[in-house]
Amino acid sequence: MWSFFARDPVKDFAYEILPDSQEKSGIWTLHRGKRKTTGEPVSVFVYEVAQGTDQQTQLAKAAFKRMKTLRHPNILAYVDGLETDKSLYLVTEQVTPLAVHLKAQAEKGGVGELEISWGLHQIVKALSFLINDCHLLHNNLGIWAVFVDRAGEWKLGALDHVAPEQGDPSGVSLPAPKAVYPDMEKYDPPEMSNNSGEKWAGEVWRLGCLIWEVFNGPLPRTSSLRSLGKLPKALVTHYCELVGANPRARPNPARFLQNCRAPGGFLSNSFVESNLFLEEIQIKEPAEKQQFFQDLSDNLDSFPEDFCKHKVLPQLLTAFEFGNAGAVVLTPLFKVGKFLSAEEYQQKIIPVIVKMFSSTDRAMRIRLLQQMEQFIQYLNEAAVNSQIFPHVVHGFTDTNPAIREQTVKSMLLLAPKLNETNLNQELMRHFARLQARDEQGPIRCNTTVCLGKIASYLNAGTRQRVLISAFSRATKDPFPASRSAGVLGFAATHNYYSVTEIAARILPTLCVLAVDPDKSVRDQTFKAIKSFLSKLETVSEDPSKLAEIEKDVGSCAQPAGASSSWAGWAVTGMTSLTSKLIRNAPGTEGGAAAEGSVSAANATSPTSVNDGAPVGRASTSVAVKKQSSDWSSGWDADDSWSNEKEGQGQSSAGEEGWGNDWAEEETDTSSTNKTVPLPEGVRLASEYNWDTTAKGAGQNDLFASVSQRNTATTMSLTSWFHCHSGLSKAELSKKKREERRKELEAKRAERKAAKGPLKLGARKLD
């Protein structure tokens, strides 16, 4: 039983002192510690009674008492304490002595004036609180009495010598600092012996000494205060008032603070203003909060990193959680997120982002989509599929074109993290609808782009079912950029097609675009055709290479992060042509929208529709009406996609990375062509007038005839190529059958004519 009363209370203390972490702080020894139950970091000030004098023990107990009773945001916060016969333990928030902090910052390039200005503001405010509100004198102000917390905020500590300005009513007086530390005498004001002047005269003198040491290092002697050293010009006048020889002229700390906060003063800057607003943010009006968060984003780049992490971030999270701050907190939130480690980001920001995606605020949703690149790497696949993607897909059907556009772009980042169902079924369904029915051409174009970029993540079955149909649909789109994107999509995903599909489905589709009204579309088409023909020729020359060429056709979906042949085409970020063209009124794509796309498309190239072929804009709209009925049906395997850069309707081959090699694959096949008798009325290509400037070009020019033809009554480009290369076996057989049928009909007619008309009741013998 006696052992219960005899046990050491230190062992039951709720805090643990970490080894090898001590720092001398006056009569105390400062240790790093943590709470045993939660691991929360703290600082522990320890005083050993056996190692100190009676005066020091008296001061330690006085400080212990003051810390418990004094509460102020700028005074070191008391957390817990333990007093025994052998020692005193004083637990506070985690802090570092200012001298140690300044030394560490100097090694990193020095402390910025913004940080110092806010630190001095806090110390002066704490001093003003003691003198004007509590009627106490600190009596021990100096660089040793200031501590810095994790957010970089300065706290006033070392309350060992704090005493009432009129003396202790109990009659017990504490020893002066110089009685305990003889070297402290240099910080005493010159009038210390006669105590003339205001009650704060000695306090503000020591404040001047503190300011001098912050900028110039340890004070060697009192006379050194006359040398300004590295003091900022904005602070010199007010500093001189603090260390003036006349004690009656020294300002009250509150007035000193007011003077320095005047326009042009050392404490008048965006950092101090932001901190003061954050301290009172709970009582600010919603409009003021909105304006503050908008301005905060521009200022964060100049603020200290620790301040952003430990003070701004909690306020941003609180403002979103409880203050209905909305989308304005996103930009500063992501800026601060750059300072966090992956673990901190996952713990503090990701839960908020996940919650934001469920918001119905359009401004919030579009900002999240625009800035997804900054946080996508921190999202795990489970959260993406269950908590984020179900909310994001609503953007595909939003009435706002900008949200639909950003939703399509976001799929580039989300696709690697989507599961089988969301990627190959749900996403493809939305893409099919957008490509077929969206009224905005640029959005259909970007949908085509996105499909080409995420094709490697699709499974083999989905690729076989979707890609050709999707890109084929894009080639029939009235928006020129979409047609170009369809061609680029075929080219970028060329390794996923078998030679049979290339010959039977892809090349016929591309050949139609060889006479497209837009020259940039034709240029891309010719490069793509040459590339696909090169693959067919390779297999024709060496059939053993078929397996190698088709090795990716049935390949599994590519894991996230792996590189692929289309990466050069895919990853410039879909900044948008769409945002510039989206303003066109719905239903004007054949005219106004298409016109806008041409000008945007040619931002980097001087070519235009009229440069390449004499096709009028009116003829384009006629062809568009016919084409639009083709891609308005659903996909049995349809999707369409395109890569558009800002200010650019069609992407050049050189910019996409895949076009450079294809230009080198051009081969001369003219020597292999055989002369075949042509059917009547069919001319060789050389017989057409390809010069659009010649007279009479309206009748002999191929492209002119295409622009004016009725598709139901004139020969298509593909049939023209068939005629040029000779009739196929199937066509010859069909022709023979037709001739035989005509011969039989002629014989029957002759027999009927020879017998005359049949009589009623006569039996037909033949």
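Helices α4, α6 and α8 are among the elements that cover the buried residues of α7. Those residues are Leu-235, Val-236, His-238, Tyr-239 and Leu-242, in a helix that runs over residues 233-242. All of this comes from a predicted model, in which the chain has 35 helices and 11 strands. Of its 766 residues, 48% count as buried. As for contacts between residues at least 6 apart in sequence, 69% of them join residues at least 24 apart.

Two of the helices around α7 also pack on each other. Helix α4 (residues 113-133) meets helix α8 (residues 253-260) at an angle of about 150°, and the axes lie 8 Å apart. That angle makes the pair roughly antiparallel, since anything over 145 degrees falls in that class. On the α4 side, the contact is made by His-121, Val-124, Leu-127, Ser-128, Ile-131 and Asn-132, while α8 brings in Pro-253, Ala-254, Phe-256 and Leu-257. Sorted by class, the contact comes out as 7 nonpolar and 3 polar residues, with no charged ones.

Helix α4 turns up again around α3 (residues 98-107), where Leu-98, His-101, Leu-102 and Gln-105 are buried. These four sit on the same side of α3, because they cover an arc of only 95° around the axis. In general, an α-helix has 3.6 residues a turn, so residues three or four places apart point the same way. The other side of α3 carries Lys-103 and Glu-107, both exposed. The cover over the buried residues of α3 includes β7 (95-97), α4, β9 (146-149), β10 (154-156) and α6 (201-216). After the helix comes Gly-109, with a positive phi near 125°.

Positive phi values also show up in residues other than glycine. One case is His-135, with phi near 55°, in the loop between α4 and β8 (136-137). With a relative accessibility of 41%, His-135 counts as partly exposed. Another is Asn-139, whose phi is near 65° and which is found in the loop between β8 and β9.

Now for the nonpolar cores. In soluble globular proteins, nonpolar side chains tend to be buried together. Here the largest nonpolar core has 86 residues, and Phe-375 and Leu-427 have the most contacts inside it. Helix α11 (residues 305-322) supplies the largest share of this core, with 8 residues. Setting aside neighbours within four places in sequence, Leu-427 contacts Phe-389, Phe-396, Met-411, Leu-418, Asn-422 and Ile-454. There is also a second, separate core of 67 residues, which includes Trp-154, Ile-211, Leu-219 and Leu-257. Of these, Leu-257 is also one of the α8 residues that meet α4.

A last site to look at is Val-553, in the loop between α24 (546-549) and α25 (567-570). Despite the loop setting, Val-553 is buried, with a relative accessible area of 13%, because the cut-off for buried is under 20%. Not counting residues up to four places away in sequence, Val-553 touches Ala-460, Arg-463, Gln-464, Asn-495, Tyr-496, Tyr-497 and Ser-498. Ser-498 is 55 residues away along the chain, yet its C-alpha atom and that of Val-553 are separated by 6.5 Å.

Notes:
Residues numbered from 1 in each chain as written. Predicted model: local features only at pLDDT ≥ 70, side-chain atom pairs only at ≥ 80, totals over all residues. Heavy atoms only, no water. Axes fitted to C-alpha atoms, helices over the stretch in contact; angles between N-to-C directions. Parallel < 35°, antiparallel > 145°, perpendicular 65-115°, else oblique. Contact = heavy atoms within 4.5 Å. Nonpolar A, V, L, I, M, F, W, Y, C, P; charged D, E, K, R; others polar. Buried < 20%, exposed > 50% of the residue type's maximum accessible area, 1.4 Å probe, protein only. Arc of directions from axis to C-beta. Core = buried A, V, L, I, M, F, W, Y, C linked by side-chain atoms within 4.5 Å.
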